[in-house]
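Biologist: Could you walk me through this model? I'd like to start with the bound molecule and then move on to the metals.

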Amino acid sequence: MKDAFRTPDAWKDAFQALSEVGVDRRRGGYSRHGFDRAELELRAWFTEEALRRGLAVRTDRNGNLWAWWGEPGPDAVVTGSHLDSVPGGGAFDGPLGVIAALVAVDMLRAKGFAPAKPIAIVVFAEEEGGRFGVPCLGSRLLTGSIDADAARRLTDPDGVTLAEAVTAAGLDPARLGRDDEALAAVGRFVELHVEQGRGLVDLDASVGVASSILAHGRWRFRFSGEGNHAGATPLGDRRDPMLPASALVLATRRVASAVDGARATVGRLVPNPGGTNVISSTVDVWLDARAPDDARTRAVVEEITAAARSAAAGEGCELTVAEESYGDTVHFDTGLRDEVSGVLGGVPALPTGAGHDAGILAAHVPTAMLFVRNPTGVSHAPAEHAELADCVAGVEALAAVLERLAG
Ligand code: HGY
Ligand code: MN
Ligand code: MN
């Protein structure tokens, strides 16, 4: 069957088709963000691939794409992932799960499998939050895990609102919000994803299943001081927000290092106006904080915030802090996890520090994740990788799981 179908070729063809979309020549890697040109191009590619396979494609009210093999729901077996990336991201985070789902359908068709339950491939919108700042935005909207009005008002760095962006993409912003009909169709959800870490490398395994996701959230710190001339302003006359912003960055590592299992990061710091010879008037800093449970995550953020407030006061600056997203620890459905692992002959179960749409769905339907080995262990950077043999192993694993769950 494998020779007749040539899974590796199907994988390579699909992966190659995406390789030039959203290439970021300045940062390296890929920049593909919710409803931007690159992501809309990827959506068009997915739609064409799904239609070519005779799948019925629908865009739900929140901009998530659904490709159906059989009449939609109920009790559908749904797989898929996302096509957007972080700025300068790798090639596999998201697309691996979408391509694997399409090729798994090919594999099942090639062996004559006829599903007894509907199967759907979903492409969630804005999983990385790379444009509007909230991760898993499409799955949060689908499940009602984010207030629809607040979502409509989200803005990208250019001031474009989500409402304007979805309108430009042909959607009605007034309809954004919990989609009971789409959610009711989902019986179980299984997302395949490149591992973002070295767990499978250390275990010498191609494929694994997920056990849990760290609690994690994002907070925006806005330091406000007094914009002024870098040369004409004596040091004693300054209220420079860059100083408390820098204190926040250093406190992030210091505080998280003292809490077991915690991870805290500042990857985005935006001075305004951002001139070399200008003392900033404001500096925005985004904190990404994660830990094995809610208590530790909150404790880390509180201690970092206290350090930021103290540093701001010391420099005569104001500080506002806004929680932009938060999700508690996710423990995947153990029954489905063990069923999936059993289908695959008992693959290892791994925790992850990376968030996923599966982490949002897990609160609403039985959900599992499959991981594919990443030899570098690196993610959210161009070095992210998965070997062809492991990608094929991932496709075969997903096909076996879909056959069991939808058989
Ligand atoms: O940030 C995350 O963990 C995920 O990649 N969105
Ligand atoms: Mn990611
Ligand atoms: Mn991802």
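Modeller: Happy to! Keep in mind that this is a predicted model. Let's begin with ligand 1 and its polar contacts.

Biologist: How far is the polar backbone atom of G355 from an oxygen atom of ligand 1?

Modeller: G355 is among the residues surrounding ligand 1, together with E127, E128, R290, A354 and H380. Its contact goes through a polar backbone atom, and the distance to an oxygen atom of the ligand is 2.7 Å.

Biologist: And how much of ligand 1 does the protein bury?

Modeller: Ligand 1 sits in the largest pocket. Taken alone, ligand 1 exposes 210 Å², and the share of that buried by the protein is 94%.

Biologist: Which residue offers a polar side-chain atom to a nitrogen atom of ligand 1?

Modeller: Two side chains are worth looking at here. R290 places a polar side-chain atom 2.7 Å from an oxygen atom of ligand 1, so that is not the one, given that a nitrogen partner is what you asked for. The contact with a nitrogen atom spans 3.0 Å and comes from E128.

Biologist: On to the metals, then. Which protein residues are donors of the manganese ion (ligand 2)?

Modeller: Their spacing along the chain reads D-x34-E-x251-H. The donor atoms are OD, OE and NE2, lying 2.0 to 2.2 Å from the ion, and they belong to D93, E128 and H380.

Biologist: Where in the chain do D93 and E128 lie, and how many residues apart are they?

Modeller: D93 is in the loop between β3 (76-82) and α4 (95-110). E128 is in the loop between β4 (119-124) and α5 (137-143), so the pair links distant parts of the chain, with a separation of 35 residues.

Biologist: Are D93 and E128 buried or exposed?

Modeller: The cut-off for buried is under 20% relative accessible area. D93 and E128 are both buried.

Biologist: Which residue bridges the two manganese ions?

Modeller: The manganese ion (ligand 3) is coordinated by H82 (NE2), D93 (OD) and H193 (NE2) at 2.1 to 2.2 Å. One of these residues is a donor of the manganese ion (ligand 2) as well. The two ions lie 3.5 Å apart, and the bridging residue is D93.

Biologist: Why does the pair H82 and H193 tie together parts far apart in sequence, and how many residues separate them?

Modeller: H82 lies in strand β3 and H193 in strand β5 (residues 186-194), so the parts they tie together are separated in sequence by 111 residues.

Biologist: Last one: what is the relative accessible area of H193?

Modeller: Its partner H82 counts as buried because its relative accessibility is 0%. H193 is buried too, and its relative accessible area is 2%.

Terms used: Residues numbered from 1 in each chain as written. Chains lettered and ligands numbered in written order. Predicted model: local features only at pLDDT ≥ 70, side-chain atom pairs only at ≥ 80, totals over all residues. Heavy atoms only, no water. Donors = N, O, S within 2.8 Å, 3.2 Å for Na, K, Ca; no water. Helix = DSSP H or I, 4+ residues; strand = E, 2+ residues; numbered from the N terminus. Buried < 20%, exposed > 50% of the residue type's maximum accessible area, 1.4 Å probe, protein only. Near = heavy atom within 4 Å. Polar contact = N/O pair within 3.5 Å; in protein donor to acceptor, adjacent residues only side chain to side chain. Areas by Shrake-Rupley, 256 points an atom, 1.4 Å probe, with all protein chains shown as cover. 1 Å grid on protein atoms, 1.4 Å probe; cavity = no way out; pocket = protein on both sides within 12 Å on 5 of 7 lines; lining within 4 Å. Sits in = over half its atoms within 2 Å of the grid points.
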